[in-house]
Amino acid sequence: MENLRKARLAKKLSQKELADELGVTTATISRYESGERKLPVETAKRIAEILEVDWYTLFDEKEQGL
């Protein structure tokens, strides 16, 4: 999920800072970003609020079915 990582970095947040905002571990954020763990839509929406982006932009094109 390269788009998630890019959005987080654009907001100048570390994985730990984003994890703390979400109430999850840093490992969870790392797994979302690496694609090791699938990002649930509800979580994507919460992350998008924090990062001030549209939630669907967090997903790569292949994950969006494009």
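This is a short talk on how the helices of one predicted model pack against each other and which residues do the packing.

Hi everyone, and thanks for coming. Please keep in mind that what you see above is a predicted model. I'll go helix by helix, and then look at a few loop residues.

Let's begin with helix α1, residues 2–10. Which residues of α1 are buried? They are Leu4, Ala7 and Arg8. Around the axis these residues cover an arc of only 100 degrees, so they sit on the same side of α1. And that buried set packs against α2, α3 and α4.

One name in that list may catch your eye: arginine 8, in helix α1. Is arginine 8 buried or exposed? Its relative accessibility is 7%, and buried means under 20%, so arginine 8 counts as buried. What does its side chain meet there? The side chains of arginine 8 and glutamate 33 are joined by a polar contact of 2.5 Å. If we leave aside neighbours within four places in sequence, arginine 8 is in contact with Leu13, Ser14, Gln15, Leu18, Glu33 and Leu51. Do look for Leu18 and Glu33 in your viewer, as both names come back in a moment.

On to helix α2, which runs over residues 15–22. Its buried residues are Leu18, Ala19 and Leu22. If you look down the axis of α2, those residues fall within an arc of 100 degrees, so they line one face of the helix. As for partners, the buried residues of α2 pack against α1, α3 and α4, where α3 is 26–34 and α4 is 41–51. Just after α2 comes glycine 23, with a positive phi of about 80 degrees.

Now for α3. Here the buried residues are Thr28, Ile29, Tyr32 and Glu33. The arc they cover around the axis is only 135 degrees, which puts them on the same side of α3. They pack against α1, α2 and α4. After α3 we find glycine 35, and its phi is positive too, near 85 degrees.

Let me pause on how α2 and α3 meet. In general, two packed helices are described by the angle between their axes and the distance between the axes. For this pair, the axes come within 8 Å and cross at roughly 110 degrees. Angles of 65 to 115 degrees count as roughly perpendicular, and α2 and α3 are therefore roughly perpendicular to each other. Which residues make the contact? From α2 there are Gln15, Lys16, Leu18, Ala19 and Leu22, and from α3 there are Thr26, Ile29, Ser30 and Glu33. Sorted by class, that contact has four nonpolar, three polar and two charged residues.

Two residues of α3 deserve a closer look. Isoleucine 29 lies in that helix, and with 0% relative accessibility it counts as buried. Not counting neighbours within four places in sequence, isoleucine 29 is in contact with Gln15, Leu18, Ala19, Leu22 and Val24. Isoleucine 29 and alanine 7 are 22 residues apart in sequence, and their C-alpha atoms are 13 Å apart in space.

Tyrosine 32 is also found in helix α3. It is buried, with a relative accessible area of 4%. What does tyrosine 32 touch? Setting aside residues up to four places away in sequence, it touches Met1, Leu4, Arg37, Lys38, Leu39, Pro40 and Thr43. Between the C-alpha atoms of tyrosine 32 and arginine 8, which are 24 residues apart along the chain, the separation is 12 Å.

Last stop, the loops. Lysine 12 sits in the loop between α1 and α2. Lysine 12 has a positive phi of about 60 degrees, although it is not a glycine. Is lysine 12 buried or exposed? At 72% relative accessibility, it counts as exposed.

Glutamate 52 is another one to find, in the loop between α4 and α5, with α5 covering 61–64. Its phi is positive as well, near 60 degrees, again in a residue other than glycine. Glutamate 52 is exposed, with a relative accessible area of 62%.

To wrap up, I'd suggest keeping one picture in mind: the buried residues of α2 line one face of that helix, and α3 crosses α2 roughly at a right angle, being roughly perpendicular to it. Thanks for listening!

Note on methods:
Residues are numbered from 1 along each chain as its sequence is written. This is a predicted model: local features need pLDDT of at least 70, side-chain atom pairs count only at pLDDT 80 or more; totals for chains, interfaces and linings use all residues. Side-chain values use heavy atoms; hydrogens and water are left out. Buried means under 20% relative accessible area, exposed over 50%, partly exposed in between (1.4 Å probe, protein chains only). Helices (H or I, at least four residues) and strands (E, at least two) are DSSP runs, numbered from the N terminus. The arc is that of the directions from the helix axis to the C-beta atoms. Contact means heavy atoms within 4.5 Å. A polar contact is a pair of N or O atoms within 3.5 Å; within protein, one must be able to donate a hydrogen and the other to accept it, and residues adjacent in sequence count only if both atoms are side-chain atoms. Axes are lines fitted to C-alpha atoms, for helices over the stretch in contact, and angles run from 0 to 180 degrees between N-to-C directions. Angles under 35 degrees count as roughly parallel, over 145 as roughly antiparallel, 65 to 115 as roughly perpendicular and the rest as oblique. Ala, Val, Leu, Ile, Met, Phe, Trp, Tyr, Cys and Pro count as nonpolar, Asp, Glu, Lys and Arg as charged, and the others, Gly among them, as polar.
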